[in-house]
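Let's take a friendly walk through a protein model. Have the sequence and the 3D view ready, and follow along as we go.

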Amino acid sequence: MLVRTALADRDSEDERPVVILAADEGRFGRRGQVMRAWCAPGIRPDAAQQWVRENLYAFVAVAPSLGRMSALGSPFSNTAMVNLFLEQGAEDFADFSW
């Protein structure tokens, strides 16, 4: 519905093609707390606790009609990274042909 509205509202002289993209963002990583350690009876080992937090954020846009995609992997998900992804996507899809 939004696409139809946007196309109806654009200038009648604008003949640029319209490509519908599907985009998503995901976080992949691990988190854990290591606390216990096995040992022989009668021995109390020193085992340090640690928090493991390692994440990778993936930003992806797909244009199924073109068979193309654009992706960016980043250790952060913030405004700067999303803007970088949008700039990259604009470059990746700028030269498509029909």
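Which residues are linked in a network of salt bridges? Arg10, Asp14 and Arg16 are linked in this way. A salt bridge here is a side-chain nitrogen of Lys or Arg within 4 Å of a carboxyl oxygen of Asp or Glu.

Before going further, a word on the model. It is a predicted model, in which local features need pLDDT of at least 70 and side-chain atom pairs count only at pLDDT 80 or more, while totals for chains, interfaces and linings use all residues. Residues are numbered from 1 along each chain as its sequence is written, and side-chain values use heavy atoms, with hydrogens and water left out.

## The overall layout

The protein chain has two helices and three strands, and along the sequence they follow the pattern α-β-β-β-α. Both kinds of element are DSSP runs numbered from the N terminus: helices are H or I with at least four residues, and strands are E with at least two.

The chain has 98 residues, and 14% of them count as buried. Buried means under 20% relative accessible area, exposed means over 50%, and partly exposed is in between (1.4 Å probe, protein chains only).

## Salt bridges

Side chains of opposite charge can pair when their charged atoms come close. A search of the whole structure finds three salt bridges, shown here with their N to O distances.

| Side chains | N to O distance |
|---|---|
| Arg10 and Asp14 | 3.9 Å |
| Asp14 and Arg16 | 2.8 Å |
| Arg68 and Asp95 | 3.2 Å |

The salt bridge between Arg68 and Asp95 is a good one to find in the 3D view. Arg68 lies in strand S3 (residues 68–74) and Asp95 in the segment after H2, so the pair ties together parts that are 27 residues apart in sequence. Arg68 is partly exposed, with a relative accessible area of 29%, whereas Asp95 counts as exposed at 55%.

Back in the network, Arg10 is partly exposed, with a relative accessible area of 31%. Arg16 counts as exposed, at 58% relative accessibility.

## The largest pocket

How much space lies in the largest pocket? The answer is about 240 Å³. On a 1 Å grid over the protein atoms alone, a pocket is an open set of points where a 1.4 Å probe fits, with protein on both sides within 12 Å along at least five of seven lines; lining residues have an atom within 4 Å of a point. The volume is the space filled by probe spheres set on the points, which are joined across faces, edges and corners.

The pocket is lined by 11 residues, and the closest to its centre are Leu21, Leu86, Gly89, Ala90 and Phe93. Helix H2 (residues 79–92) gives the most to this lining, with four residues. By class, the lining has 10 nonpolar, one polar and no charged residues. In this scheme Ala, Val, Leu, Ile, Met, Phe, Trp, Tyr, Cys and Pro count as nonpolar, Asp, Glu, Lys and Arg as charged, and the others, Gly among them, as polar.

Ala90 is found in helix H2 and counts as partly exposed, at 49% relative accessibility. Ala90 and Ser70 are 20 residues apart in sequence, while their C-alpha atoms are 9.2 Å apart in space.

## Buried or exposed?

Is Gly26 buried or exposed? Gly26 is buried, with a relative accessible area of 18%, and is found in strand S1. Leu56 is 30 residues from Gly26 in sequence, with 8.3 Å between their C-alpha atoms.

Now look at the loop between helix H1 (2–9) and strand S1 (22–34), where Ile20 is found. Ile20 counts as exposed, at 55% relative accessibility. Val19 lies in the loop between H1 and S1 too, but Val19 counts as partly exposed, at 22%. The C-alpha atoms of Val19 and Leu66 are separated by 8.3 Å, although these residues are 47 apart along the chain.
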